[in-house]
Amino acid sequence: MKWYDLTDAPLQIHGLAVKKGTKFFRLPEDIIDQVNDGVTRLATFPAGGRIRFRTDSPVIEIRHNVTVVPLGGAGEGTIGRSGMSCYVNGTLRGNNPVSTDSALLILRVKKQAEMQDVDIYMPILNRVITCEIGVEDGAKVESPRPYTIEKPIVFYGSSITNGAAASHPGINYVARVCRRLDADFINLGFAGAAKGEQIMADYIAGLQMSLFVLDYDHNAPTVEHLESTHYNFYETVRKAQPSLPILMISKPDFDGNFTKEAKEYNARRRAVIQATYDKARKNGDKNVYFIDGETLFGTEDRESCTSDLCHPNDLGFYRMANVVTPVVEKILKKA
């Protein structure tokens, strides 16, 4: 076998701001400790990071290790938190579990004459220390095929955006939507820590992107906090990028614990986001969009869509992607 470090050419890493040494971070080092303690920690986890390349190797081996293997806190297992997911030509071919020492996944890919596209999704809630990709001796390894949508979609949001309870890193709603559309993306979901801070708004406003998804409803500690930050966050990005499409989403677990009080409370939160959208449209912004989170789980077996009446499980993420994908596709075709 010939082994490549994940930073070796022609392999490419997408979705991360820092990718060097043992640092595979979602935010630049100069602001990573300027937001809040939760973001400082979570931004060092490469959720949404992808290792991409093309090869004709009939065997692909992946071995990686992480800092620790914590117990799941939202219903996820160790593969979701710390493992890697390998897709070949857009189809899942295996998940790499992990220990604190090492993990090894061996994929036997049916030999074909043409090169095959490989995408390896990095851990959601753990730091990657090392990762090596092995191919058969003599196999070709080339740079990845460009995405159809090369300028990334940027998502900012909560643990749901982060993909916290996904069974593996390639199956949360953000990854699903972008894989279906063949779009590059950046996942800035920070579990419990996305609170609409100005520094995050300023940072995101400076990114090159094809679409911005504003999805932090869940992490605003109160309705009042959401109200005081949401329009400002939108306005900061809009002033920096006047023609950028912006999609706003309210929380998907609208039913909460299925009490009247929970639904009324979540309706108040949704109204804040709706108000941002309505004000933007009234001010002449024709490139702003809104998805009502209550629609994301559909109408049948809604209680089966979360692991803990909060975090979407794989079914919940699947249903979210089914609603979000056509909306994003329509927006990008219009852009």
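Analyst: Two strands pair here when DSSP finds at least two bridges between them; strands (E, at least two residues) and helices (H or I, at least four) are DSSP runs, numbered from the N terminus. Please note that this is a predicted model: local features need pLDDT of at least 70, side-chain atom pairs count only at pLDDT 80 or more, and totals for chains, interfaces and linings use all residues. Residues are numbered from 1 along each chain as its sequence is written, and side-chain values use heavy atoms, with hydrogens and water left out.

User: Happy to start with the strands. Which residue of β10 stands opposite Arg-54?

Analyst: Strand β10 covers residues 116-121 and pairs with β5 in the antiparallel sense, over 6 bridges. Within β10, the residue opposite Arg-54 is Asp-117.

User: Which residue stands opposite Thr-55 in β12?

Analyst: Strand β5 is also joined to β12 (residues 141-142), by 2 bridges and running antiparallel. Facing Thr-55 in β12 is Val-141.

User: And how many bridges join β2 to β5?

Analyst: Here, His-14 stands opposite Arg-50 of β5. Strand β2 (residues 12-14) runs antiparallel to β5, and the number of bridges joining them is 3.

User: Why is β5 described as largely enclosed by the rest of the structure?

Analyst: The test is burial, meaning under 20% relative accessible area, with over 50% counted as exposed and anything in between as partly exposed (1.4 Å probe, protein chains only). Strand β5 spans residues 50-55 and is largely enclosed by the rest of the structure because the buried share of its residues is 5 of the 6.

User: What about β15: which residues are buried on the side opposite Leu-211, Val-213 and Asp-215?

Analyst: In a regular strand, side chains alternate between the two faces of the sheet. Strand β15 (residues 211-215) has 5 of its 5 residues buried, so it is largely enclosed by the rest of the structure. Both of its faces are covered: Leu-211, Val-213 and Asp-215 are buried on one side, and on the other side the buried residues are Phe-212 and Leu-214.

User: Which residue of β16 is the bridge partner of Phe-212?

Analyst: Phe-212 has Val-154 opposite it, as part of the parallel pairing of β13 (residues 149-157) with β15 over 5 bridges. Strand β16 (residues 246-249) also pairs with β15 in the parallel sense, over 3 bridges. In β16, the bridge partner of Phe-212 is Ile-246.

User: Let's turn to the nonpolar core. Which helix gives the most to it?

Analyst: A nonpolar core is a set of buried Ala, Val, Leu, Ile, Met, Phe, Trp, Tyr and Cys residues joined through side-chain atoms within 4.5 Å. The largest one has 78 residues, and those with the most contacts inside it are Tyr-156, Leu-188, Ile-204 and Phe-212. Giving the most to this core, with 7 residues from its span of 314-334, is helix α8.

User: Tyr-203 is found in a helix. Which residues is it in contact with, leaving aside neighbours within four places in sequence?

Analyst: Tyr-203 belongs to helix α5 (residues 198-205), and its C-alpha atom is separated from that of Val-237 by 9.0 Å, although the two are 34 residues apart along the chain. Contact means heavy atoms within 4.5 Å. Beyond the neighbours within four places, the contacts of Tyr-203 are Ala-17, Arg-26, Leu-27, Pro-28, Ile-31 and Leu-188.

User: Is Thr-229 buried or exposed?

Analyst: Thr-229 lies in helix α6, residues 223-240. Beyond neighbours within four places in sequence, Thr-229 is in contact with Lys-195, Gly-196 and Tyr-216. Its relative accessible area is 11%, so Thr-229 is buried.

User: Does Lys-286 count as exposed or buried?

Analyst: Lys-286 sits in the loop between α7 (260-282) and β17 (288-291). Leaving aside neighbours within four places in sequence, Lys-286 is in contact with Arg-281 and Lys-334. At 64% relative accessibility, Lys-286 counts as exposed.

User: Finally, what is the volume of the largest cavity?

Analyst: On a 1 Å grid over the protein atoms alone, a cavity is a set of points where a 1.4 Å probe fits but cannot get out, and lining residues have an atom within 4 Å of a point. Grid points are joined across faces, edges and corners, and a volume is the space filled by probe spheres set on the points. The whole structure has 2 cavities of 30 Å³ or more, and Phe-254, Arg-302 and Leu-309 are among the residues lining the largest. The volume of that largest cavity is about 70 Å³.

Note on methods. On a 1 Å grid over the protein atoms alone, a cavity is a set of points where a 1.4 Å probe fits but cannot get out, and a pocket is an open set with protein on both sides within 12 Å along at least five of seven lines; lining residues have an atom within 4 Å of a point.
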